[in-house]
Amino acid sequence: MRDLRKGAGLTVTELASRCSWHHAKTSRIENARTAPSATDIRLWCRAVGAQDQAEDLIVQSLHAESMYTEWRDQVRSGLKQLQDSAVQFFHETQLFRVYSSSLVPGLLQTEGYAAGILGISARFRDLPVDDSAEAARARVDRSRVIHEPGHRFVFLVAEAALRYQIADTDAMAAQLGYLLTAGAMPQVSLGIIPMAALERGQWPRETFHVYDDSLVSVELVSARVKITQPSEIALYLKAFEQMRGMAVYGAEARALILKAIEALN
């Protein structure tokens, strides 16, 4: 929108005058401090003589608002409710592709390990009620989708994620032991990317989840980003496939998991 204004040769004040609002509003919109309404966008485009671009900009603005959701909004009703909110979506998804650089993926987490992660989250976000234990049980219940027919799961986990002690020693041992079991399921492909991988087409990336070919979810410290643009999804899939080539599977993957278990003692 700033480019449209500059392309029309208008100052901030001149555009504000044409739109009949204060010039500060123009600055707030251009600096992303205020999200423009559909009416704001239409007025802006009319002011700069670009009425034909208004509807596309409105769609882009709505997409931007829906793709970025702050965690403080998502956890307002508790961590358990956040786990429950994804159950139906998981049932509808056929192909799950998950890359994790720091944690065991949620669909493969045991209750003790999940409780450790969610407890850290509850404390970090200063939740008024810590329902991390209930949320951990809900996460495990949600993960039962892995045993249902009609779904396939491709997991890539960085070896370092096996070594981060998120929970106590017993919970970590149980978690790593479960990975040995889960990795043998016919519907599951579990690849471990060794820390000592010599040929790297990718460096460790942000953890991301790909649901079918229609959605990528990226978790940041402050928010979850949902990506639906085909060109962006294609980039994540390209990175995922390159990292698949760096991973080890079967006996080699089990050996890395067993080493992580031994390191607990």
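## Helix α9 and its surroundings

In this predicted model, the buried residues of helix α9 are Y113, A114, G116, I117, L118, G119, S121 and A122. An α-helix has 3.6 residues a turn, so residues three or four places apart point the same way. The buried residues of α9 pack against four other helices, namely α7 (79–84), α10 (132–142), α11 (159–163) and α12 (169–182).

Helix α9 itself covers residues 111–124, which makes 14 residues. From its first C-alpha to its last, α9 reaches 20 Å, and this is close to the 20 Å expected at 1.5 Å a residue.

## Two residues with positive phi

Most residues other than glycine have a negative phi. Which residue with a positive phi follows α9? That residue is D126, with a phi near 50 degrees, and D126 has this positive value although it is not a glycine. D126 is found in the loop between α9 and α10, and its relative accessible area of 63% means that D126 is exposed.

S20 is another residue, not a glycine, with a positive phi, in this case near 65 degrees. The place of S20 is the loop between α2 and α3. Is S20 buried or exposed? Its relative accessibility is 68%, and residues over 50% are called exposed, so S20 counts as exposed.

## How α2 and α3 meet

The loop that holds S20 lies between α2 and α3, and these helices also pack against each other. Two packed helices are described by the angle between their axes and the distance between the axes. Helix α2 (residues 12–19) and helix α3 (residues 23–30) have axes that come within 8 Å and cross at roughly 110 degrees. Angles from 65 to 115 degrees count as roughly perpendicular, and α2 and α3 are therefore roughly perpendicular to each other. The crossing in which α2 passes α3 is right-handed.

Which residues of α2 and α3 meet? On the α2 side they are V12, T13, L15 and A16, while on the α3 side they are H23, T26, S27 and E30. Sorted by character, the residues of this contact divide into three nonpolar, four polar and one charged.

## Two buried positions, in a strand and in a loop

V225 lies in strand β7, which covers residues 223–227, and with a relative accessible area of 13% V225 is buried, since buried means under 20%. When residues up to four places away in sequence are not counted, V225 touches M67, Y68, V216, S217, V218 and L220. The C-alpha atoms of V225 and F208 are separated by 9.7 Å, and these two residues are 17 residues apart along the chain.

A loop residue can be buried as well, and S143 is an example, with a relative accessible area of 6%. S143 is placed in the loop between α10 and β3 (152–158). Leaving aside the neighbours within four places in sequence, S143 is in contact with G106 and L107.

## The protein as a whole

The protein contains 14 helices and seven strands. Taken along the principal axes, its C-alpha atoms fill a box of roughly 70 × 45 × 35 Å.

How many of the 265 residues, as a percentage, count as buried? The figure is 45%. Among the contacts in the protein with a separation of 6 or more, residues 24 or more positions apart account for 71%.

Terms used:
Residues numbered from 1 in each chain as written. Predicted model: local features only at pLDDT ≥ 70, side-chain atom pairs only at ≥ 80, totals over all residues. Heavy atoms only, no water. Axes fitted to C-alpha atoms, helices over the stretch in contact; angles between N-to-C directions. Parallel < 35°, antiparallel > 145°, perpendicular 65-115°, else oblique. Left-handed = near helix turned anticlockwise from the far one by under 90°. Contact = heavy atoms within 4.5 Å. Nonpolar A, V, L, I, M, F, W, Y, C, P; charged D, E, K, R; others polar. Expected span 1.5 Å × (residues − 1). Buried < 20%, exposed > 50% of the residue type's maximum accessible area, 1.4 Å probe, protein only.
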